[in-house]
Amino acid sequence: MITSTRPRKGGKNIESQKIKNMKSIFLSIVAIMLLSNYSNAQTKKSDKEMKVLVTYFSATGTTKAVAEKLSKIMNADIYEIKPDVPYTSADLDWHDKESRSTIEMQDKNSRPAIADKNAKIEHYDIIYIGFPIWWHLAPTIINTFLESYDFSGKTIILFATSGSSGFGKTVENLKGSCSPKTIIKEGKVFSARSTEADIETWAKSMND
Ligand SMILES: Cc1cc2nc3c(=O)[nH]c(=O)nc-3n(C[C@H](O)[C@H](O)[C@H](O)COP(=O)(O)O)c2cc1C
């Protein structure tokens, strides 16, 4: 019996149909990729469209003064993080082992209550958070503040005032209080002598 090894007539058509299908799948993938890049470019906000909020906690007014200058320079809204129970000067005595601030700063789980939850974080893209350095860290009321709102997708820029210390392990300590989808940038520690020009130079460098 003779058997033919020649491909049947229909075989060629099937092959070319397969190639056509693969081509159109490939072209569809390329088109989807191009479209998604385009829509990302459309939704990404320019620096000018980013909404900025300056927030701060200040026990004796030094950080408040920096925050007010910063919000003026940035033309940004400002929000004060107020403790539910204000700190007295006895509370702030770091020489006293029994003072409120010493006790709070020794307990990583302390979360001093905040007076209100009106910061409207959802309206902003970049949130500056300012505070005095206490025991080389942010006061634990900043952890309370971070845990009181949803900061995912937001950029937080820290600033502080101190006698002389830097941020130390501040960022590390605050990270656990917000979503992993939050970007936390260490900004700058100012002193009581910092001028408006110092703040402006720094604020501009953070925008670059
Ligand atoms: C409880 C407490 C702890 C402090 N710990 C530090 C510190 O570790 N390093 C430092 O340089 N200054 C420290 N300071 C000084 C403050 O950081 C500084 O005076 C700050 O500018 C006060 O800001 P405010 O007026 O906004 O509260 C501490 C002050 C207090 C009340």
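1. Strand E4 is mostly covered, with 6 of its 7 residues buried. The model is a predicted one, and E4 is a good place to enter it. The strand spans residues 155-161 and is one of the elements that supply at least two residues each to the largest nonpolar core.

2. E4 has E3 on one pairing list and E5 on another. E3 and E4 pair in the parallel sense over 7 bridges. E4 and E5 also run parallel, joined by 7 bridges. Individual pairs can be checked by eye. Gly-130 has Phe-159 of E4 as its bridge partner. Ile-156 is bridged to Ile-184 in E5, and Ile-157 to Lys-185 in E5. For reading side chains along these strands, a general point helps: in a regular strand, side chains alternate between the two faces of the sheet.

3. Next, the connections. E3, H4 and E4 form a right-handed β-α-β unit. E4, helix H5 (residues 170-175) and E5 form a right-handed β-α-β unit. E4 therefore takes part in both units.

4. The overall order fits on one line. The protein has 6 helices and 5 strands. From the N terminus on, the elements run α-β-α-β-α-β-α-β-α-β-α. Contacts reach far along the chain: among those with a separation of 6 or more, 77% are between residues 24 or more positions apart. Of the 208 residues, 28% count as buried.

5. The largest nonpolar core has 40 residues. Those touching the most other members are Val-54, Leu-70, Ile-142, Leu-158 and Phe-159. At least two core residues come from each of strand E1 (52-56), helix H2 (62-74), strand E3 (126-132), helix H4 (140-147), strand E4 (155-161), strand E5 (183-190) and helix H6 (196-207). The general background is that nonpolar side chains tend to be buried together in soluble globular proteins.

6. Which residues does Phe-159 touch, leaving out those up to four places away in sequence? They are Val-66, Leu-70, Tyr-128, Gly-130, Gly-187, Lys-188 and Phe-190. Leu-70 is itself on the list of core residues that touch the most other members. Gly-130 is also the bridge partner of Phe-159.

7. Helix H4 deserves its own look. It is mostly covered: 6 of its 8 residues are buried. The buried residues are Thr-140, Ile-141, Ile-142, Asn-143, Phe-145 and Leu-146. Thr-140 and Asn-143 are on this list alongside Ile-141, Ile-142, Phe-145 and Leu-146. What covers them includes helix H3 (100-106), E3 and H5. When reading the helix, recall that an α-helix has 3.6 residues a turn, so residues three or four places apart point the same way.

8. Two backbone angles should be checked. Trp-135 has a phi near 50°, positive in a residue other than glycine. His-136 has a phi near 70°, again positive in a residue other than glycine. As background, most residues other than glycine have a negative phi. Trp-135 lies in the loop between E3 and H4, and His-136 is found in that loop too.

9. Are Trp-135 and His-136 buried or partly exposed? Trp-135 counts as partly exposed because it has 14 C-beta neighbours inside 10 Å, where 20 or more would make a residue buried. His-136 counts as partly exposed because it also has 14 such neighbours inside 10 Å.

10. Now the ligand. It is surrounded by 21 residues, of which the closest are Ser-58, Thr-60, Thr-62, Thr-63 and Pro-132. By class, the shell holds 8 nonpolar, 12 polar and 1 charged residues. H2 gives the largest share of the shell, 3 residues. H2 also supplies at least two residues of the largest nonpolar core.

11. Ala-192 is worth a final stop. It sits in the loop between E5 and H6. Leaving out residues up to four places away in sequence, Ala-192 touches Thr-62 and Thr-161. Thr-62 is one of the residues closest to the ligand. The C-alpha atoms of Ala-192 and Thr-63 are separated by 8.2 Å, although their positions lie 129 residues apart along the chain. Ala-192 counts as partly exposed because it has 13 C-beta neighbours inside 10 Å.

Notes. Residues are numbered from 1 along each chain as its sequence is written. This is a predicted model: local features need pLDDT of at least 70, side-chain atom pairs count only at pLDDT 80 or more; totals for chains, interfaces and linings use all residues. A nonpolar core is a set of buried Ala, Val, Leu, Ile, Met, Phe, Trp, Tyr and Cys residues joined through C-beta atoms within 7 Å. A residue is buried if 20 or more other C-beta atoms lie within 10 Å of its own, exposed if 12 or fewer, and partly exposed in between; C-beta atoms are placed from the backbone. Helices (H or I, at least four residues) and strands (E, at least two) are DSSP runs, numbered from the N terminus. Two residues are in contact if their C-beta atoms, placed from the backbone, lie within 7 Å. A residue is near a molecule or strand if its C-beta atom, placed from the backbone, lies within 6 Å of it. Ala, Val, Leu, Ile, Met, Phe, Trp, Tyr, Cys and Pro count as nonpolar, Asp, Glu, Lys and Arg as charged, and the others, Gly among them, as polar. Two strands pair if DSSP finds at least two bridges between them. A crossover is right-handed if, with the strands pointing away from the viewer, the path from the first strand over the helix to the second runs clockwise.
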